[in-house]
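Visitor: Please take me on a close look at one part of this structure, starting from the surface and working inward. I would like the cut-offs spelled out as we go.

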Amino acid sequence: CIVLLISLYVIYQVVLFSKAEMETQPALKETVYNTIDTKCFVVRDEKKLLNNATGTKVSFAANGERVANGDTVSVVFNSSEDASSYLKINELEKNIAHFEELSRQANFQAINIDSLNSKIENELVDYLEYCDSKNFSGAVNAVESFRDSVTGKQIATGVDMDFSQQLASLKNELSSLKNSDYSYTEIKSDSAGYYVDGSDGYEDTIDFSKINEIDLTAVENAIKAKPQPVSSNVVGRIVSSFEWYIVCSVPTEDTVNLTQGDTLQVNFSLRGIEQLPVTLYKIGERTGENTMVILSCNVMNESLADLRLEDIQIVTKAYSGFKISNSAIRTVDGEKGVYVVRGNLLGFRKVHIIYTTDTYTIVDNPDGSTDYIKQYDEVVTKGVELYDNKLV
């Protein structure tokens, strides 16, 4: 009995030691990217919009907004007081519409609470993502939607809300402001396109119409260029062409697998812009240390409208699979694989290697075979004397 107890104690201590020396990580799906990090210059088919009106300007069109020929893009008021009153009118009209909508909800309470809860959660996530990406105009819209949904839930769950006093006060203030006279000058677009407010002084650095004629020297000079003085009568810009270009100089060795016409993605991380789809429009002669690359894009919005000199990541390849530490990869009977913990036993599972670096490897299970690694497996990254069916 004493020998048996001692043997059990020794086995117990061996198992504890084995566990203490073993480290694992879960097999989780992840995507990693090959990127070219460089600086770029953005070229657009843009024309300056001029007007000599003086005073306080109020924009009607947002950056990146599509406008037609003759559309009013901004209004110049003779005084800042007139401009403030005009903006106040817009704010009051928006608030009145908001409270009228809430009043309609208060009189109609047949709302699905579950779908409303889901909507509230999604709007909160949207708000946090906008804040994280520094898209503050999007954050403002998201927080307003979140506020309205929370108020709607309060109404739907029986909270008594009366908005008549707020509406009466807002309408009285609106009526008073609208009775005043304002002196202003409308600024209209003289062509169709995308409106961009103001000027950055780089519009004439590279001629859009000669994009096919530029070379590496022109690109590098543009990236080093300083902005030109901007005239006081420049109100904004109209971007006529649907397509715009990103020109950059990249190490020639990074262009080996690039071909004209490739569909790629780019990141402007400092701007919070990720995975923007682009096409490799043109690639220069690969004879020197660096090579010219021109990317084309046909997406336009507020975030993209004022890009010019930017840090950029060109995503050349994406690899999706299980990201595991290189220390986990082992060779057993000529097969690459990993040991995984299932229950209290070890098992060897094969892997199909997709991509590897100095520290980690991306692997997958190509055919869904039970002999291969699968999601959520506890992969052994550190351990000694590993073998199939070892008790751990």
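**From a surface patch to the core**

Guide: Let's begin outside: Ile2, Ile6, Tyr9 and Val10 make up a nonpolar surface patch, together offering about 440 Å² of accessible area (Shrake-Rupley, 1.4 Å probe, with only the protein chains shown counting as cover for residues). Patch members have over 30% relative accessible area and no salt bridge; like charges are joined within 9 Å, and nonpolar side chains (Val, Leu, Ile, Met, Phe, Trp, Tyr) within 5 Å. A salt bridge is a Lys or Arg side-chain nitrogen within 4 Å of an Asp or Glu carboxyl oxygen.

This is a predicted model, in which local features need pLDDT of at least 70 and side-chain atom pairs pLDDT 80 or more, while totals for chains, interfaces and linings use all residues. Numbering starts from 1 along each chain as its sequence is written, and side-chain values use heavy atoms, without hydrogens or water.

Val10 belongs to helix α1 (residues 2–20); helices (H or I, at least four residues) and strands (E, at least two) are DSSP runs numbered from the N terminus. Val10 counts as partly exposed because its relative accessibility is 44% (buried is under 20%, exposed over 50%, 1.4 Å probe, protein chains only).

Now inward. The largest nonpolar core has 28 residues, and those touching the most other members are Trp244, Ile246, Val266, Phe268, Leu276, Leu295 and Ile314. Such a core joins buried Ala, Val, Leu, Ile, Met, Phe, Trp, Tyr and Cys through side-chain atoms within 4.5 Å. Elements giving two or more residues to this core include β2 (29–43), β11 (263–268), α7 (302–305) and β14 (309–325), while β12 supplies the largest share, five residues.

Leu295 shows how this looks up close: leaving aside residues up to four places away in sequence, its contacts include Trp244, Ile246, Val266 and Ile314 (heavy atoms within 4.5 Å). Tyr245 also touches Leu295, yet Tyr245 is part of a second, separate core of 14 residues, alongside members such as Phe208, Ala222 and Val247.

Strand β14 ties several pieces together. It runs antiparallel to β2, with 13 bridges between them (pairing takes at least two DSSP bridges), and Thr38 is partnered with Ile312 there. Three bridges link β14 to β11, also antiparallel, and Val266 stands opposite Ile314. Another antiparallel pairing, with four bridges, connects β14 to strand β19 (residues 360–364), where Ile362 is the bridge partner of Lys323.
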